[in-house]
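Student: Please take a close look with me at the empty space in this model. After that, I'd like to hear about the parts you find worth visiting.

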Amino acid sequence: MRLKQPTQRWIVMGDSLVYGFGDPIGGGWVERLRRQWMSPDCTDHVLYNLGVRGDGINQVLQRLETEFRLRGEVRNRLPDALILSVGTNDSPRLGRSDGRNFLDFAAFQGAIGQLLDQAQGLCPVYFVGMVPVNEAAMPFLDCLYYNHADQFRYKEATRKACEQRGIPYLDLFERWMAKGTTWCHQRLTQDGLHPNALGYETMLADVLAWDALAALSHPQAAIAP
């Protein structure tokens, strides 16, 4: 019996929001989507979670092409699309609330442009943005001060870089902030940085409702003649 090869191979690269840290129930939004695609009646997609906790833009840039080229599964076949989600770990202030950013903003702008250009040279690219932190829970690990103002600067630089290159960008920061402080805090763990199970469930719903990835929501319909 010859196994049917999937028609679409997707990889998701980024930080702990890709990895799914904080969600002991579903394993994060990427894992929740992967499980949906593992059912016997949904064999047309494969999804690889390439999230690494603590990664910033430079770490993802460093491993991008190698990770991509090792996920084709069969000879002469490479992944069909790439979802990126990174930037949160570049934005915090070090040591104190008015300390320097973990990665200088100008350096971040240069790195995000390099990452997107390199990614587009490999396959179609999509970008899922960061979610707002709970500022009152800072500092994280007693030394990292995440805040909304810096998150906004870094996500806007990312959004604009994506816009310039025609890369779809899902602005979760704006979407979540519009729901209010209480709503956001209900979707974060006690550390104030990572989503909880409800938060990742919400992220998955946001991704599946995203027009740019409508084919991911209904893979069978996407391949119908």
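Tutor: Let's start inside: the largest cavity has a volume of about 60 Å³. On a 1 Å grid over the protein atoms alone, a cavity is a set of points where a 1.4 Å probe fits but cannot get out. Grid points are joined across faces, edges and corners, and the volume is the space filled by probe spheres set on those points. Rolling a probe the size of a water molecule over the atoms shows where empty space is left. With a cut-off of 30 Å³ or more, the count is one cavity.

A quick word on what you're looking at: this is a predicted model, where local features need pLDDT of at least 70 and side-chain atom pairs count only at pLDDT 80 or more, while totals for chains, interfaces and linings use all residues. Residues are numbered from 1 along each chain as its sequence is written, and side-chain values use heavy atoms, with hydrogens and water left out.

Who sits around that cavity? Its lining is Asp-15, Ser-16, Leu-17, Thr-88, Asn-89, Val-131, Leu-193 and His-194; a lining residue has an atom within 4 Å of a point. By type, they split into three nonpolar, four polar and one charged. Here Ala, Val, Leu, Ile, Met, Phe, Trp, Tyr, Cys and Pro count as nonpolar, Asp, Glu, Lys and Arg as charged, and the others, Gly among them, as polar.

Now for the open space. A pocket is an open set of points with protein on both sides within 12 Å along at least five of seven lines. The largest one has a volume of about 220 Å³. It is lined by 16 residues, and those closest to its centre are Gly-54, Asp-55, Asn-89, Leu-144 and Tyr-146. You've met Asn-89 already, in the lining of the cavity. The pocket lining holds six nonpolar, seven polar and three charged residues.

Let's zoom out for a moment. The protein has 10 helices and seven strands; these are DSSP runs numbered from the N terminus, helices being H or I with at least four residues and strands E with at least two. Of its 225 residues, 52% are buried. Buried means under 20% relative accessible area, exposed over 50%, and partly exposed in between, using a 1.4 Å probe and protein chains only.

Helix 5 makes a good stop. Its 18 residues reach 25 Å from first C-alpha to last, close to the 26 Å expected at 1.5 Å a residue, where the expected span is 1.5 Å times one less than the number of residues. At the N-terminal end, Asn-147 acts as a cap, with a side-chain oxygen 3.1 Å from the backbone nitrogen of Ala-149. After the helix comes Gly-166, with a positive phi near 70 degrees. The buried residues of helix 5 include Tyr-154, Ala-157, Thr-158, Ala-161 and Cys-162. An α-helix has 3.6 residues a turn, so residues three or four places apart point the same way. Packed against the buried residues of helix 5 are strand 4 (93-94), helix 4, strand 5, strand 7 and helix 6.

Pick out Thr-158, which belongs to helix 5. Thr-158 counts as buried because its relative accessibility is 2%. Its side chain reaches the backbone oxygen of Tyr-154 at 2.9 Å. That's a polar contact, meaning a pair of N or O atoms within 3.5 Å; within protein, one must be able to donate a hydrogen and the other to accept it, and residues adjacent in sequence count only if both atoms are side-chain atoms. Not counting residues up to four places away in sequence, Thr-158 touches Phe-108, Ile-112, Phe-127 and Tyr-169; a contact means heavy atoms within 4.5 Å.

Two of those names lead us to helix 4, where Phe-108 and Ile-112 are among the buried residues. Helix 4 (residues 105-120) has 16 residues and reaches 23 Å, close to the expected 22 Å. At its start, a side-chain oxygen of Asp-104 comes to within 3.1 Å of the backbone nitrogen of Ala-106. The cover over its buried residues includes helix 3 (57-69), strand 3 (81-85), strand 5 (125-128) and helix 5 (148-165).

Last stop, Asp-171, in the loop between strand 7 (169-170) and helix 6 (172-177). At 16% relative accessibility, Asp-171 is buried, and its side chain makes a polar contact with that of Lys-155 at 2.6 Å.
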